[in-house]
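Welcome, and thanks for taking a look at this one. Please have the structure open beside you as you read on.

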Amino acid sequence: MTTLEPVIEIKDVVKFYGGNAPVLDGVSFRVFRGETKIIIGASGSGKSTILKLILGLDKPDEGQIFIQGEDITKLNEQELVRVRQKIGMVFQESALFDSLTVRENVAYRLHERGEDEEEIEAKVRQSLGFVGLEDAIEKFPSELSGGMKRRVAIARALIGQPEIMLYDEPTAGLDPITSRKINELIIALRDIHAVTGVFVTHRMRDAFTLATEYATNGDQQIHFHHENNFVCIANTRFLMFRDGKIVFEGPDEVLRRSEDEYIKRFLA
Ligand SMILES: Nc1ncnc2c1ncn2[C@@H]1O[C@H](COP(=O)(O)OP(=O)(O)OP(=O)(O)O)[C@@H](O)[C@H]1O
Ligand SMILES: [Mg+2]
């Protein structure tokens, strides 16, 4: 794979769920390695649907979806399992298994793959370390706060070191400090680990944080910086969905200056 090939390519995708109007009506975009695409749009505009299609949990009625050059709309369920190994997904409501401990939740995918127990334990600890929750390893989801659950969900998504991460409203309902922590994790994955991401959100504040801050590695810890007057350092672009179509694609500077009435109302 050359670096110029997109990691994710959505091509003329149409998706109906019954009804006359499609939920997605000819959507096309590309996400390159180490880039994070932020999808914004009103409730019901098809944001979660596109993530579901990228994960192969559902198929489009028309169009193609390429993951690292492979059209996944042609694949059967067994082949999709292989593609999903490359993708970590943080669902809208964390979606942890309540009857499993944090350890078992995070390890789930590796158990499915039948990996060696000792290796699994090391990877679980590493993944929980990344989200700052090593101490919660024995706990059950019911014993965790909303923000901790979301971080466990991120640790679970990260466990196989996926090259692609999909985030569906990962900070919804969380306080500013916890949201900040989650945004920093996402920025670090993008900038330190070159993970390719799609981030769905309603919260413009989080979106602009991702679009204007970047991370560097130094002295055993990760540093976060603001672009300030330099533009487009943060490897993040916006997509805005409206009535199944993309009505904006570009960097935050352009989005902020848009004269489009709908976009202005959305950002207000
Ligand atoms: N499995 C399904 N069956 C029927 N309709 C569906 C299904 N999934 C989504 N829809 C419909 O598709 C539209 C888009 O849903 P989607 O969940 O993608 O919206 P969204 O942009 O993520 O909204 P929100 O911001 O509220 O999460 C909605 O009208 C929804 O009712
Ligand atoms: Mg949604």
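An open sheet of 6 strands, ordered S6-S7-S8-S3-S11-S12, has mixed pairing. Its edge strands are S6 (87–90) and S12 (245–250), each of which pairs on one side only. On average, and with direction ignored, neighbouring strands of this sheet are turned by 15° against each other. Do keep in mind that this is a predicted model.

**Inside the sheet**
- Strands S3 (residues 36–41) and S11 (residues 236–242) run parallel and are joined by 6 bridges.
- If you would like a spot to zoom in on, Gly-41 stands opposite Phe-241 in S11.

**Helices on the sheet**
- Helix H6 (residues 176–191) lies across three strands, namely S3, S7 (164–168) and S8 (196–200).
- The direction of H6 is at about 150° to S8.
- Helix H7 (residues 204–212) also packs on the sheet, where it touches S3, S8 and S11.
- Relative to the direction of S3, that of H7 makes an angle of about 155°.

**The pairings of S1**
- Strand S1 (residues 8–15) pairs with strand S2 (residues 24–31) in the antiparallel sense, over 6 bridges.
- Within this pairing, Val-14 has Asp-25 in S2 as its bridge partner.
- S1 also runs antiparallel to strand S4 (residues 62–67), and 5 bridges join the two.
- Here Lys-11 has Gln-64 in S4 as its bridge partner.

**A general reminder**
- Strands of a sheet pair through backbone hydrogen bonds, in either a parallel or an antiparallel way.

Note on methods. Residues are numbered from 1 along each chain as its sequence is written. Chains are lettered from A and ligands numbered from 1 in the order in which they are written. This is a predicted model: local features need pLDDT of at least 70, side-chain atom pairs count only at pLDDT 80 or more; totals for chains, interfaces and linings use all residues. Two strands pair if DSSP finds at least two bridges between them. Helices (H or I, at least four residues) and strands (E, at least two) are DSSP runs, numbered from the N terminus. Axes are lines fitted to C-alpha atoms, for helices over the stretch in contact, and angles run from 0 to 180 degrees between N-to-C directions. Two residues are in contact if their C-beta atoms, placed from the backbone, lie within 7 Å.
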